Amino acid sequence: MKEKINHDDTLPKDHPRYESLKYRHKIIEGMKEIVVAEAGLIAHGRGECFDYMLGEKTNEIAEKAIKVAVALLLISEKPILSVNGNTAALVPEELVALSNVVSAPLEINIFYGKEGRVKAITDALIKAGATNLLGTDESKMVEIEELSSNRRRVDPNGIKIADTVFVPLEDGDRTEALKKLGKKVIAVDLNPISRTAIWADITIVDNIVRVLPKMIKIAGELKNLNKEELRKMVKDFDNKKNIQDILEMIKEHLEKQKEGAFKILE
Ligand code: ATP
């Protein structure tokens, strides 16, 4: 039997990059369990790079997008939360909690359809408490014609009939296809200029590990508002401005780093 090493135990909590390393190890463990595809490691690294540019914290621009995203999920008739390998490895419990609080099923939808992967992700989500799970029976999937990748296969009771799809860590082709099918798309992507970020209706430019706990908390609060108030929040949101504001913020952050980054040498 393969020995499983718990890297968390070997990481000193006062290590300056503790959080980042903790999630890096979750991705590596996920890959060993075939929850995460090899390419998922590279995608994670791309995300880490952008996270550095954002100061590795949730800014008020992302905070606003998070709030509007939750409002949209709450007013949607058939919202779906799409799950890929990276999100299942990083935040399985939080995916389940969000699914429960906004009453949206989780649908497993992966790019690299290696034998046994859907089962591995299903097991990880069930272990995290998932009961409302779609995309698990590959023989029942239908195709989205707009797409050529493995991700064209969707659950007939999920993304196929959804009005709003929450797509953390998505690739651009699929986001574009979902938009062309008339779906509302909420993306979580640390890269504010990825095709996904640009195509989505609401782009949360932040790390999924920080976004989901905030969404769960805000959903509890927004549930008490009436639908008209939630609709107004969604209507007033401008995603182009949201992304431009984030880019401005990154510029300012880098400008500060130009001087401030060297303070650790003093
Ligand atoms: P696109 O096709 O949309 O232009 P891409 O080719 O970068 O983008 P992928 O590599 O499939 O698409 O997607 C991975 C995306 O997920 C990257 O943009 C990366 O920044 C982002 N990402 C990776 N890890 C995280 C994370 N933990 N939280 C949020 N976003 C992340």
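These legends go with a set of close-up views of a predicted model.

**View 1. The ligand at home in its pocket.**
Start with the ligand and the spot it occupies: the ligand sits in the largest pocket. Around the ligand there are 18 residues, and the closest are R46, G172, D189, R195 and T196. What mix of residues makes up the shell around the ligand? Sorted by character, the shell divides into five nonpolar, seven polar and six charged residues.

**View 2. Helices that help build the shell.**
Now look at where some of those surrounding residues come from. Two helices, α3 (38-53) and α9 (195-199), each supply at least two residues of the shell around the ligand. Which helix gives the most? That would be α3, with four residues in the shell.

**View 3. Polar partners of the ligand.**
Zoom in on the ligand's own oxygen and nitrogen atoms. An oxygen atom of the ligand lies 2.8 Å from a polar backbone atom of G172. A ligand nitrogen atom is 2.8 Å from an N or O atom in the side chain of N207. With I208 the partner is a polar backbone atom, and it is 3.0 Å from a nitrogen atom of the ligand. How much of the ligand does the protein bury? Taken alone, the ligand exposes 630 Å², and the protein buries 86% of that.

**View 4. I198, out on helix α9.**
Here we pick out I198, which is found in helix α9. Is I198 buried or exposed? I198 counts as exposed because its relative accessible area is 51%, and the cut-off for exposed is over 50%. Now find V102 too: I198 and V102 are 96 residues apart in sequence, and their C-alpha atoms are 25 Å apart in space.

**View 5. G220 and V102, a pair from separate parts of the chain.**
V102 shows up again, this time with G220, a residue of helix α10 (residues 208-222). How far apart are the C-alpha atoms of G220 and V102? They are separated by 8.7 Å, although their positions lie 118 residues apart along the chain as a sequence separation. G220 itself has 36% relative accessibility, so it counts as partly exposed.

**View 6. E143 on strand β4.**
This view moves to E143, found in strand β4 (residues 142-143). Its 43% relative accessibility is why E143 counts as partly exposed. Look for P156 as well: it is 13 residues from E143 in sequence, and 8.8 Å from it in space, C-alpha to C-alpha.

**View 7. Two loop residues with a positive phi.**
A bit of background helps here: most residues other than glycine have a negative phi. Take E56, then, which is not a glycine and yet has a positive phi, near 50°. You'll find E56 in the loop between α3 and α4 (60-75). With a relative accessible area of 31%, E56 is partly exposed.
L169 is not a glycine, and its phi is positive too, at about 55°. Where does L169 lie? Look in the loop between β6 (164-168) and α8 (172-180). L169 is partly exposed, with a relative accessible area of 30%.

Terms used. Residues numbered from 1 in each chain as written. Predicted model: local features only at pLDDT ≥ 70, side-chain atom pairs only at ≥ 80, totals over all residues. Heavy atoms only, no water. Near = heavy atom within 4 Å. Polar contact = N/O pair within 3.5 Å; in protein donor to acceptor, adjacent residues only side chain to side chain. Areas by Shrake-Rupley, 256 points an atom, 1.4 Å probe, with all protein chains shown as cover. 1 Å grid on protein atoms, 1.4 Å probe; cavity = no way out; pocket = protein on both sides within 12 Å on 5 of 7 lines; lining within 4 Å. Sits in = over half its atoms within 2 Å of the grid points. Nonpolar A, V, L, I, M, F, W, Y, C, P; charged D, E, K, R; others polar. Buried < 20%, exposed > 50% of the residue type's maximum accessible area, 1.4 Å probe, protein only.
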